[in-house]
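Reader: Hey, could you walk me through this one? I'm new to it and would like to ask as we go.
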Amino acid sequence: MPTIGVAVAIPEPWATELQDYRTSVGDATALMIPTHITLVPPTVIEDGTLEAVEEHLAEAAEAVSPFTVHLRGTGTFRPVSPVVFVTLVRGISSCEVLADAVRKGPLEVELTFPFHPHVTIAHHLPDAQLDQAFADLADFECEFDVGEFHLYVHDAEHGWRPTRQFALRPAD
């Protein structure tokens with residue numbers, strides 16, 4: 001059974017910058033995870049249902065207009081979860097609308113934590129490294145337009161790979 005995820009990809013040059021940082025701070029999973037904002041967390045789907053999932057995602061994309069994301073500064077989910085992330089200061093509600101649209105039908109999943117759009121930069125590391133990531137990227141900032149999201153399929157050897165892109169409805 002395939003494991004899939006749905007996310008907004010962070011564009012270049014910031015995707016590589018943030019992924020390289022994540023690797024440099026000791027997060028070994030960084031090489032297997034493209035830089036992103038999660039919409040649907042890792043989810044196991046039944047064999048033979050990928051086409052239905054893709055049809056659902058295409059419909060969901062038609063329900064949401066493009067939007068702008070502005071990333072600035074860092075945040076953390078500690079002590080609940082050992083994660084440091086770059087925060088969204090613009091685009092939060094649009095990410096929530098998009099996540100709500102995709103987490104229906106065949107992708108209606110129960111979330112472990114409330115949805116909070118973010119870009120992970122350090123995960124499951126010792127506190128000293130999490131503190132370092134929090135401090136090092138406190139001044140990080142970028143802004144970009146979101147016109148699509150991606151379906152990712154997990155491959156045990158290569159990690160998360162985008163398999164299809166879904167364009168958001170053209171702005172009115």
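Reader: Let me start with a detail: which backbone oxygen does the side chain of Thr-87 reach?
Author: Keep in mind that this is a predicted model. In it, the Thr-87 side chain comes to 2.4 Å from the backbone oxygen of Arg-72.

Reader: Where does Thr-87 lie?
Author: Thr-87 is part of strand 4.

Reader: And is Thr-87 buried or exposed?
Author: Thr-87 counts as buried, because its relative accessibility is 18% and the cut-off for buried is under 20%.

Reader: What is Thr-87 in contact with, apart from its neighbours in sequence?
Author: Leaving out residues within four places in sequence, Thr-87 is in contact with His-70, Leu-71, Arg-72, Gly-73, Thr-74 and Gly-75.

Reader: OK, on to helix 1. Which residues are buried there?
Author: Helix 1 covers residues 14-24, and its buried residues are Ala-15, Leu-18, Tyr-21 and Arg-22. They are on the same side of helix 1, because they cover an arc of only 135° around the axis.

Reader: Why would residues a few places apart point the same way?
Author: An α-helix has 3.6 residues a turn, so residues three or four places apart point the same way.

Reader: What covers the buried residues of helix 1?
Author: The cover includes strand 4 (83-90), strand 5 (118-123) and helix 4 (127-136).

Reader: Anything odd at the ends of that helix?
Author: Just after helix 1, Gly-26 has a positive phi of about 100°. In the loop between strand 1 and helix 1 you'll find Pro-13, and the peptide bond from Glu-12 to Pro-13 is cis, with omega near 5°.

Reader: Where else is there a cis peptide bond?
Author: One joins Arg-78 and Pro-79, with omega about 5°. Pro-79 sits in the loop between strand 3 and strand 4.

Reader: Now the sheets. What is the order of strands in the open sheet of four?
Author: The order is 2-1-7-8, and the pairing is antiparallel. Strand 2 (36-44) and strand 8 (159-167) are the edge strands, since each pairs on one side only. From one strand to the next, the twist averages 25°.

Reader: How many bridges join strand 1 to strand 7?
Author: Four bridges join strand 1 (residues 3-9) to strand 7 (residues 148-155). As an example, Val-6 has Leu-151 in strand 7 as its bridge partner.

Reader: Which helices go with that sheet?
Author: Helix 2 (residues 50-62) lies across strand 1, strand 7 and strand 8, at about 50° to strand 8. Helix 3 (residues 92-102) packs on the sheet too, touching strand 1, strand 2 and strand 7. The direction of helix 3 makes about 20° with that of strand 2.

Reader: What about strand 6, which residues are on its covered face?
Author: The covered face of strand 6 (residues 141-146) has Cys-142, Phe-144 and Val-146. Glu-141, Glu-143 and Asp-145 make up the uncovered face.

Reader: How many bridges join strand 3 to strand 6?
Author: Six bridges join them, and strand 3 (residues 67-76) runs antiparallel to strand 6. Val-146 of the covered face stands opposite Phe-67.

Reader: Last one: what is the phi of His-124?
Author: His-124 has a positive phi of about 55°, although it is not a glycine. His-124 is in the loop between strand 5 and helix 4. With 58% relative accessibility, His-124 counts as exposed.

Methods
Residues numbered from 1 in each chain as written. Predicted model: local features only at pLDDT ≥ 70, side-chain atom pairs only at ≥ 80, totals over all residues. Heavy atoms only, no water. Buried < 20%, exposed > 50% of the residue type's maximum accessible area, 1.4 Å probe, protein only. Helix = DSSP H or I, 4+ residues; strand = E, 2+ residues; numbered from the N terminus. Arc of directions from axis to C-beta. Contact = heavy atoms within 4.5 Å. Polar contact = N/O pair within 3.5 Å; in protein donor to acceptor, adjacent residues only side chain to side chain. Pairing = 2+ DSSP bridges. Axes fitted to C-alpha atoms, helices over the stretch in contact; angles between N-to-C directions.
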